[in-house]
Amino acid sequence: MATMLRGPVRPLRPLPVLQGLPGPAADVPFRAASHGTGLLYPEHIPTSPLQKALLAAGSAGMALYNPYRHDMVAVLGETTGCRALKVLRDQMKRDPEGAQILQERPRISLSTLDLGKLQSLPEGSLGREYLRFLDVNRVSPDTRAPTRFVDDEELAYVNQRYREVHDMLHTLLGMPTNILGEIVVKWFEAVQTGLPMCILGALFGPVRLRARHLPALVSELIPWAVQSGRRAPCVLNLYYERRWAQPLTALREELGITSPPGHIKGPA
């Protein structure tokens, strides 16, 4: 399976909150500034390499035991993803749309989304379908935990942007939020981002899947997700907030994402 994750991503053409800690400040941009001794951004928690290793080991164990511990999944991603985040950051800098995102630092939350405007968009548009995804799956963009353990302000934003567009990827791929849908999205994200947390989730997620779903996952859904991830441009280079009115089918065609094999519904 490791060989399936290799290959460059072509450029574009022209969590519940950690227990006991404050929630995400989604309307506060990441900027290089002094926020106190050693703090690089408002939610930053400086840690040593040893502390990061301990956090990574502990969060990995908890995340594998209970994949719904999104706070542990978030910590695992932050403490193991520095190298992959640098690659993603460089891809964004080389792309006009991605560079603009890095410059303007948009955030996705209930405080930044105009829900009325999204509701008024035509059926089949990205914004309308994203809103439908949130409603049908009963999720909120405000459940994405703020980045805390990334010791670089710009990389922290890249990590936060990845986290906040996760539901957009569900919308693009047509995947629900059940275990099967999350595994498929994780395979797509693993290919796209190279983040260790995504790779671990893709490889070990099927352990908790019902046996009746495994044949379709292995023979159809994983190959489709891997192929889509390799064919699509870097999804962090999409300024989704300026594409709300774009038809979802047109965006999928632009990205080279085909319809998933079969349909995934209900709990898995």
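The exercises below concern two charged residues and the cysteines of a predicted model.

Residues are numbered from 1 along each chain as its sequence is written, and side-chain values use heavy atoms, with hydrogens and water left out. In this predicted model, local features need pLDDT of at least 70 and side-chain atom pairs count only at pLDDT 80 or more, while totals for chains, interfaces and linings use all residues.

**Exercise 1.** Determine where K52 lies, whether K52 is buried or exposed, and what its side chain reaches.

Solution. K52 belongs to helix 1, residues 49-65 (helices being DSSP runs of H or I, at least four residues, numbered from the N terminus). Its relative accessibility is 15%, so K52 counts as buried (under 20% relative accessible area, with a 1.4 Å probe and protein chains only). Leaving aside residues up to four places away in sequence, K52 touches T47, T79, F149 and D151, where contact means heavy atoms within 4.5 Å. For F149, the side chain of K52 reaches the backbone oxygen at 3.4 Å.

**Exercise 2.** Place E153 and identify the partner of its side chain.

Solution. E153 is part of helix 7, which spans residues 153-164. With a relative accessible area of 11%, E153 is buried. Its side chain makes a polar contact with the side chain of R105 at 2.5 Å (a pair of N or O atoms within 3.5 Å; within protein, one must be able to donate a hydrogen and the other to accept it, and residues adjacent in sequence count only if both atoms are side-chain atoms).

**Exercise 3.** Establish how many disulfides the model contains.

Solution. Taking a disulfide as a pair of cysteine sulfur atoms within 2.5 Å, the count comes to zero. C198 has 0% relative accessibility and therefore counts as buried, and C234, at 3%, counts as buried too.

How values were computed: Helix = DSSP H or I, 4+ residues; strand = E, 2+ residues; numbered from the N terminus. Buried < 20%, exposed > 50% of the residue type's maximum accessible area, 1.4 Å probe, protein only.
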